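Reader: I've got a few "how do you know that" questions about this one. Can we go through them with the model open?

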Amino acid sequence: MHNSAYSACGMPHVYDSLQVDSLSSVQGLLEEGKRDGIVVSLPYKTEILQMLDEVAPDARCIGAVNTVVIEKDFISGQPMKRPILKGYNTDYIGIMNCIQLSLSPANSVKQGTSALIVGAGGMARAAIYACVQVGIQNVCIFNRTRENAHKLTEYYELIDTLDSPWPAQLRQPTVIVSCIAPDTPATFSIPEQWLCSKTSGVFIELAYTPLATPFTKQMQSKVSRGWILVDGFEVLVEQGVAQFEILTRRPAPVYVMRDAVQRSILNAILLLNGPNLNLLGTREPHLYGTTALKDIEQSSIELGTKLEARIETFQSNHEGHLIDRIHAARGVADAIMINPGAFTHTSVAIRDALLGVNIPFIEMHITNVHTREAFRQHSFLSDKAAACIIGLGVFGYEVAIEHAARDLVNK
Ligand SMILES: NC(=O)c1ccc[n+]([C@@H]2O[C@H](COP(=O)([O-])OP(=O)(O)OC[C@H]3O[C@@H](n4cnc5c(N)ncnc54)[C@H](OP(=O)(O)O)[C@@H]3O)[C@@H](O)[C@H]2O)c1
């Protein structure tokens, strides 16, 4: 995300990741003089505070720093003896922005607005601070281990058990932030008695590996009631944008950063449609059905999102354009789904392109080509395809995405 941003802004900087095994190694990195800043992850977000010359008030309040700016300015023409280290926390900014961007007008923050934080680790502290910053005065915490949550409840209410009712004196929460470590997924659901807000609310999941967690699966069933779901990917981008702006003091190329994160987190599947498929919905509907290509592409993208795959779509009536798109997928796409249309039976060039980029592909046909004209019986692709999905109508696209997202991308 950061490297894509530097490159888009024409900056020579490089973002590199280093694993260190002690805080003293971090000290070395800070003083090497080669860097303009460092981004800190667990377990050093708290310990690093003691090494810093200045800590932003929000980071001080949260008790954690994830971004250190190394100031190497000159004072009175003399280089400083050692760089000044300034600490910031952008985790809370990511959460705060996601709350503000996702709250519906009906849930705009008022005096009685309540929030629920699930978890009591470092990110829970950032989430509480984010809630307070958007003006929420009533924050409740639930954590698996009661004692760990106690450290956070000096000012905020603790909910003891999953059987507890929502505190009677508070309105039902309209902001819920899940701050649970992803390595061992929670085995409980958010109790239904805490999800009774008449205006629903926003649910933010911080974990992003994987994007789908037990809570996002639970909350998906509440979307029809008006709940807005925000995944850890959104928070990651928002906090990364803030980090870029603090480190470089210039506006971040948000679109570029979002795209880079999406590329790194999600598997990419290219959905190609060949000649005449742009006419789907109106072309010989007795054979090809009534669903338009744009609807197939849209539902493919939505299904892909559920399966943590990013679907890119492309249709062309021109063989060369399809070949160019296949070439562009090299090193980018993890799988290709192709309905080559009539090129199936004629195009050695598309076959060569698919083999040339060495990306597993699925050949798809809406109709059962084997029951049709003799010239449709031969395919230049089938013997090289990972799978052929033929005759299932437009449902074949769903089947292809399921197979590509679950099986092909990991090969
Ligand atoms: N999207 C982003 O930009 C972003 C940035 C940073 C972190 N994160 C994510 O934020 C999450 C929290 O990070 P953190 O730094 O706060 O971690 P942390 O300090 O290790 O805290 C983890 C919390 O999760 C709870 N927990 C762990 N496993 C659990 C389980 N199976 N059931 C119930 N509770 C469980 C722990 O409860 P106990 O007290 O009972 O152990 C603790 O409260 C992680 O998923 C991390 O990947 C996201």
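Author: Sure, starting with strands: they are DSSP runs of E with at least two residues, while helices are runs of H or I with at least four, all numbered from the N terminus. Two strands pair if DSSP finds at least two bridges between them. This is a predicted model, where local features need pLDDT of at least 70 and side-chain atom pairs pLDDT 80 or more, while totals for chains, interfaces and linings use all residues. Residues are numbered from 1 along each chain as its sequence is written, and side-chain values use heavy atoms, without hydrogens and water.

Reader: What makes S16 and S17 a pair?

Author: Pairing takes at least two bridges. Strand S16 (residues 361-365) and S17 have four, in the parallel sense, so they pair. One bridge joins Met 364 to Ile 389 in S17.

Reader: Which strands are in the open sheet, and in what order?

Author: Five, with parallel pairing: S14-S13-S15-S16-S17. Strand S14 (309-315) and strand S17 (387-390) are the edges, as each pairs on one side only.

Reader: Why is the link between Asn 143 and the ligand called a polar contact?

Author: A polar contact is a pair of N or O atoms within 3.5 Å; within protein, one must be able to donate a hydrogen and the other to accept it, and residues adjacent in sequence count only if both atoms are side-chain atoms. Here a ligand oxygen is 2.8 Å from an N or O atom in the side chain of Asn 143, so the pair qualifies. A ligand nitrogen also sits 3.0 Å from a polar backbone atom of Leu 206.
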